[in-house]
Amino acid sequence: MQDSAKILCFGELLLHFAPDSEGNWLNEQSLKMYVGGAEYNVAAALSQWKNPVKLLSALPENFVGNQLESQLNNKGIEVLAEKTQGRIGTFYLSSDGDMQNASVVYDRFPSVFTQSDFETFSDDDIFSGVKWLHISTITPALSDNAFRKCLQIMKEARTRNITVSLDLNYRALLWQNQNPHKIKELMPFVNVLMGNIWSVEKFLNIPVEYELNGKFDDENLLKQAEKTALEIRRQFPEVEKVANTFRFTNGNRVNYFATLFTDELLISEKYNSDTIEERVGSGDSFMAALIHGILKGNPDQQILEDATKVAFKKLFVKGDTIDESINIETL
C-alpha cells in the first residue's frame, strides 16, 4: 500500500500487567507486562502486515514515554503523541481473565490520555496521508475531551472522504457512571461497524429480540445478527458493513465464528478448541484484518474468513497483540 493510504488509530496506549491468577507473582516478584490498548492493538497488527499506520495518543514526557514512542516507531507505527507531565495508564488482567467482565482492574484515571485536551496537532497534521480512521468505543468513554475529539475527527474525516470504522467493544467498568447511548452521536460518521448483537443493544438501543439459548450453534443468533444489521443500516445509512463476532467460552473451551453484513448476511467458518491461551486482543485482531481486507479490495467472504481465522489464532498468542506467527497473507 502507498503512503497516501495511512490508517489512523486514535486511542490510549496502556501498559498491561498480567499477574498469574494463583498469585505466584508476589512470591516470585516477577510480573509479565505487555503494551496494549484497543486501538494500539489494531495498529500493531496492521503495521505487521505492512500497512502504513498512525497512532494518535498521549504519552508522558519522561523516559517511559520516550521508550514507548521508540518501540512503536521500530514497529513501523508513526506516533502523534500529546506529551505532558503525568503517567501512562495501566490495567491488571491475568491471561485467564476476560476484558468483558470485572476481572480486569483499570488504573488509568487520571493518565496523560484521560487528562489531555488533544490540541497539540492540527487536523492537517492528523490526517496527512490518511485514508482510514479507526476508533473503538473505549476511547470516548475515557473523558469528555476524548469523546469530543472522537466526534470532531470523525466529522473531519467525513469532509475529507476518509473511511471511518468503529468497534463497539463494551467495557462495563468504563460505562458504569455514564450513558453509553451517547455513542449514537458518533454513528452518522461511521462506515464500517464491528461488535456483536449485545454491544449494539448496549450502545445503540437496538434490542436483541430473538430468544437465545446461550449456545454458539443457536440459529437465532444468525437471525438476530441480520435483524440488528438491517436496523443499523436503517438508522445509520452511512454504515456499509456490519461485522459481528461470536465467542462462547466455557472454562478453557472456546467456540468462535463471525458474520459480516453488507447487502446480505455472510457467515464464517466455525472454530473450536478445548484450550485457550489468551483472552485479550482477539477482537482487535479481527478489526485489523477487516480493515486490511477492505483496503486490499478482497471479496467480502474472504475478508470475513480471514478476519475470523486471525481472531481465533490470536486466542493462542500471549499478550495483547498478534505476533509473527499470524501472517494474514499465508493463513
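Strands (E, at least two residues) and helices (H or I, at least four) are DSSP runs, numbered from the N terminus. Keep that handy for the exercises below.

A quick note before you start: this is a predicted model, where local features need pLDDT of at least 70, side-chain atom pairs count only at pLDDT 80 or more, and totals for chains, interfaces and linings use all residues. Residues are numbered from 1 along each chain as its sequence is written, and side-chain values use heavy atoms, with hydrogens and water left out.

**Exercise 1.** Find the strand that holds T90, then work out whether T90 is buried or exposed.

*Solution.*
- Step 1: T90 sits in strand β6.
- Step 2: Get the cut-offs straight: buried is under 20% relative accessible area, exposed is over 50%, and partly exposed is in between (1.4 Å probe, protein chains only).
- Step 3: T90 has 7% relative accessibility, so it counts as buried.
- Step 4: Look at what T90 touches (contact means heavy atoms within 4.5 Å). Leaving out residues up to four places away in sequence, T90 touches L14, L15, F17, Y106, D107 and R108.

**Exercise 2.** Stay in β6 and look at Y92: which nonpolar surface patch does Y92 help make?

*Solution.*
- Step 1: Y92 belongs to strand β6, residues 89–92.
- Step 2: With a relative accessible area of 31%, Y92 is partly exposed.
- Step 3: Patch residues have over 30% relative accessible area and no salt bridge; nonpolar side chains (Val, Leu, Ile, Met, Phe, Trp, Tyr) are joined within 5 Å, like charges within 9 Å.
- Step 4: Together, L31, Y92 and V105 make a nonpolar patch of about 220 Å². Accessible areas come from the Shrake-Rupley method with a 1.4 Å probe, and for residues only the protein chains shown count as cover.

**Exercise 3.** Which residue forms a salt bridge with E78, and which parts of the chain does the pair tie together?

*Solution.*
- Step 1: A salt bridge is a side-chain nitrogen of Lys or Arg within 4 Å of a carboxyl oxygen of Asp or Glu.
- Step 2: The partner of E78 is K6, with the closest N and O atoms 3.0 Å apart.
- Step 3: E78 lies in strand β5 (residues 77–84) and K6 in strand β1 (residues 6–10), so the pair ties together parts 72 residues apart in sequence.
- Step 4: E78 is partly exposed at 30%, whereas K6 is buried at 11%.

**Exercise 4.** How many salt bridges does the structure hold, and which residues are linked with D124 in a network?

*Solution.*
- Step 1: The structure holds 13 salt bridges.
- Step 2: One of them joins D124 and R160 (2.7 Å, N to O).
- Step 3: D124, E156 and R160 are linked in a salt-bridge network.
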